[in-house]
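I opened the notebook to record what I looked up, one topic at a time. The entries begin with a single residue and its contacts, and work outwards from there.

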Amino acid sequence: MRRWLRDDALKPWQHRSWIFIRDPNFRATAQRVLDLYARIFDGTPLGEDEYVISADEKTSIQARCRCHPTLAPGQARSMRVNHTYGRCGALAYLAAYDIHRAEVFGRREQSTGIAPFMRLVEQVMGNEPYAGAKRVFFIVDSGSSHRGRSAIDRLASRFPNAVMVRTPVHASWLNQIESFFSIVQRKVVSPNDQAPYRPSPRHSPPARPVRSDEPRSQPLR
C-alpha cells in the first residue's frame, strides 16, 4: 500500500476541509457566545451570581458487547479487545458544562428530543447555585431539541432566570461541550466494550454532578 501511494504521489492523509458560512449573522452570533465565555453579555460583565452553561447531546452511542472478555493492559502488553461483538442497542448522552466552574452534569437517555433536553435543564437548575442565580445562560446549537423561538420561550417559562443563547448555524464547534464529548469518546466510549443497556423506568441521572477534579470518568452504562 505504501509503495502504491508513493508511486502515484498520493497523500490522502494530507487534506483540508471547510464549510461555507450560511448564517448571515454569523459574526454577531458568534461574538455573543465568545463574550459569554469571557463573562460578558451585551457589553456588561457578568455578576458573581450569573453562570454560563454549555449544553448538547451526543447521539446514537452504539453499545457493543464483545463476544470474548476484554483483556486489560499489563506489563509490556496493550489492551486486547476482541473484534467480534454483539449489538446491544444505542443510547444518547446529554451533558451540560459549567464553563467557569468546570463542572459537568450528565445523563443518559434512549433518544434525544425536547423532553430529554428539558430533563437535563431541570437536572442543572434543580441545584444551587443555579436555582437561586440571577441568570443562567445556556449555550446550545440549532439542533431540533432546542430550535426556534418556541424553545427559548419554553426554557424561560420553566425557569425565568434561564437564558438560551445559540451558536451560529453550522457552528456547533463553538460550543465548548463538544470538547468534553471528545474526551468522553476517547476515554469512556472507546474501545466500545459495553454491557447491554437496560434503562430504568425513569432514566434516572447520576445523583450529583461530576467535577473536573474527580479521578474517574462518568460511566455511560
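**Entry 1: Y130 and its contacts.** I am working from a predicted model, and I began by listing what Y130 touches. Leaving aside neighbours within four places in sequence, Y130 is in contact with Y51, I53, D98, R101, E103, F105, V124, M125, V136 and N161. I noted next that, apart from the core around this residue, there lies another core of 22 residues, which includes I61, V104, V165 and F180.

**Entry 2: the largest core.** I then asked which residues have the most contacts inside the largest nonpolar core. They are M125, Y130 and F138, in a core of 23 residues. The elements that give two or more residues to this core are β3, β4 (85-98), α3 (114-125), β6 (135-140), α4 (148-158) and β7 (162-166). Of the elements, α3 gives the most to this core, with six residues. As background I wrote down that nonpolar side chains tend to be buried together in soluble globular proteins.

**Entry 3: β6, α4 and β7.** I followed three of those contributing elements further, and found that β6, α4 and β7 make a right-handed β-α-β unit. The strands β6 and β7 run parallel and are joined by five bridges, and in this pairing F137 stands opposite V163 of β7. How much of β7 is covered? The strand is mostly covered, since four of its five residues are buried.

**Entry 4: S54.** I turned to a polar residue, S54, whose place is in strand β3, residues 50-66. Is S54 buried or exposed? I count S54 as buried because its relative accessible area is 0%, and the cut-off for buried is under 20%. What does the side chain of S54 reach? It reaches the backbone nitrogen of I177 at 2.9 Å. Not counting residues up to four places away in sequence, S54 touches A95, A96, Y97, I99, I139, N175, Q176 and I177.

**Entry 5: I177, the partner of S54.** I looked at the other end of that contact, and I177 lies in helix α5, which covers residues 177-189. I177 also counts as buried, because its relative accessibility is 0%. With residues up to four places away left out, I177 touches S54, A55, D56, A95, A96 and Y97. I also checked one C-alpha separation: I177 and E57 are 120 residues apart along the chain, and their C-alpha atoms are separated by 9.1 Å.

**Entry 6: backbone points to check by eye.** Before listing these I noted that most residues other than glycine have a negative phi, and most peptide bonds are trans. Which kind of peptide bond, cis or trans, runs from E128 to P129? The bond is cis, with omega near 10 degrees, and P129 lies in the loop between α3 and β6. D42 has a positive phi, near 55 degrees, although D42 is not a glycine; D42 sits in the loop between β1 (40-41) and β2 (44-45). I count D42 as exposed because its relative accessibility is 62%, where the cut-off for exposed is over 50%. A76 likewise has a positive phi in a residue other than glycine, near 60 degrees, and A76 lies in the loop between β3 and β4. A76 is exposed, with a relative accessible area of 84%.

**Entry 7: the chain as a whole.** I stepped back to the overall layout. How many helices and strands does the protein chain have? Its secondary structure comes to five helices and eight strands, and along the sequence these follow the pattern α-α-β-β-β-β-β-α-β-α-β-α-β. Of the 221 residues in the protein chain, 37% are buried. Among contacts in the protein chain with a separation of 6 or more, 69% are between residues 24 or more positions apart.

**Entry 8: confidence.** I closed with the scores, and the protein chain averages a pLDDT of 82, with 83% of the residues scoring at least 70. Over residues 200-209 the pLDDT is below 50, and this stretch has 19 contacts in the model beyond near neighbours in sequence. Residues 212-221 also have a pLDDT below 50, and there I recorded 20 contacts beyond near neighbours in sequence.

Terms used. Residues are numbered from 1 along each chain as its sequence is written. This is a predicted model: local features need pLDDT of at least 70, side-chain atom pairs count only at pLDDT 80 or more; totals for chains, interfaces and linings use all residues. Side-chain values use heavy atoms; hydrogens and water are left out. Buried means under 20% relative accessible area, exposed over 50%, partly exposed in between (1.4 Å probe, protein chains only). A polar contact is a pair of N or O atoms within 3.5 Å; within protein, one must be able to donate a hydrogen and the other to accept it, and residues adjacent in sequence count only if both atoms are side-chain atoms. Contact means heavy atoms within 4.5 Å. A nonpolar core is a set of buried Ala, Val, Leu, Ile, Met, Phe, Trp, Tyr and Cys residues joined through side-chain atoms within 4.5 Å. Two strands pair if DSSP finds at least two bridges between them. A crossover is right-handed if, with the strands pointing away from the viewer, the path from the first strand over the helix to the second runs clockwise. pLDDT is the predictor's confidence in each residue, from 0 to 100.
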